[in-house]
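Please consider the structure shown below together with its sequence. The explanation that follows is meant to be read alongside both.

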Amino acid sequence: MNFNKMIPELSVFDIEATVDFYLKLGFVVEYERQEEKFVFMSFQDSQFMFEQLHDDGWNIGELKYPLGQGINFSIVVDNIECLYGKVMENQIPLFKELNTVVYLVGSIEDEQREFLLQDPNGYLLRFTN
């Protein structure tokens, strides 16, 4: 397995609920350490680590819902419409509907499709292509 140069490791409230949520989106469990309530998951070219909150973790402040305030994870996908259909099929609540947006990149307009949702811990995920 090749590891990305940067892999977010997210603290979560309930590892089982988190894994279930990400599996419904099409993520794959690469490996886990059940005794530590830790899992490494991937989705296409994205990788995440999740660990259930515990007293001797690396957290620097009080953690309460929603976790990750002020951050969103932009995840590029191969087929945004297919993933959006999977989200609808699994009745996952949306934070923002699928739409087309244009971002200025330097002096070039970049058009992309995107939608946003929150995972069970409150992390904001922006899927785009």
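The paragraphs below treat a helix, a strand and the salt bridges in turn, as they appear in a predicted model.

Helix α2 spans residues 80-89, and its buried residues are Ile80, Leu83, Tyr84 and Val87. Viewed down the axis of α2, these buried residues fall within an arc of 100°, so they line one face of the helix. They pack against α1, β3 (38-43), β6 (96-105), β7 and β8. At the N-terminal end, α2 is capped by asparagine 79, a side-chain oxygen of which lies 3.2 Å from the backbone nitrogen of glutamate 81. Just after the helix, glutamine 91 adopts a positive phi of about 55°.

Strand β5 covers residues 72-76. In a regular strand, side chains alternate between the two faces of the sheet. In β5, Phe73 and Ile75 make up the covered face, whereas Asn72, Ser74 and Val76 make up the uncovered one. The strand runs parallel to β8 (residues 124-128), to which five bridges join it. Within this pairing, isoleucine 75 stands opposite phenylalanine 127 of β8. Strand β8 is also among the elements against which the buried residues of α2 pack.

How many salt bridges does the structure hold? There are four, and three of them are described here, beginning with one that involves α2. Glutamate 81 forms a salt bridge with arginine 113, with the closest N and O atoms 3.3 Å apart. Arginine 113 lies in strand β7 (residues 108-118) and glutamate 81 in helix α2, so the pair ties together parts that are 32 residues apart in sequence. Arginine 113 is partly exposed, at a relative accessible area of 27%, and glutamate 81 is likewise counted as partly exposed, at 43% relative accessibility. Glutamate 81 thus takes part in this salt bridge through its side chain, while its backbone nitrogen is the one approached by the capping asparagine 79.

A further salt bridge lies within helix α1 (residues 15-25), where aspartate 20 and lysine 24 are four residues apart, about one turn of the helix. Their side chains meet at 3.4 Å, N to O. Aspartate 20 has a relative accessible area of 39% and is partly exposed; lysine 24, at 35% relative accessibility, also counts as partly exposed.

The side chains of glutamate 36 and arginine 33 form another salt bridge, at 3.0 Å, N to O. Glutamate 36 is partly exposed, with a relative accessible area of 37%, and arginine 33 is partly exposed as well, with 30%.

Note on methods: Residues are numbered from 1 along each chain as its sequence is written. This is a predicted model: local features need pLDDT of at least 70, side-chain atom pairs count only at pLDDT 80 or more; totals for chains, interfaces and linings use all residues. Side-chain values use heavy atoms; hydrogens and water are left out. Buried means under 20% relative accessible area, exposed over 50%, partly exposed in between (1.4 Å probe, protein chains only). Helices (H or I, at least four residues) and strands (E, at least two) are DSSP runs, numbered from the N terminus. Two strands pair if DSSP finds at least two bridges between them. The arc is that of the directions from the helix axis to the C-beta atoms. Contact means heavy atoms within 4.5 Å. A polar contact is a pair of N or O atoms within 3.5 Å; within protein, one must be able to donate a hydrogen and the other to accept it, and residues adjacent in sequence count only if both atoms are side-chain atoms.
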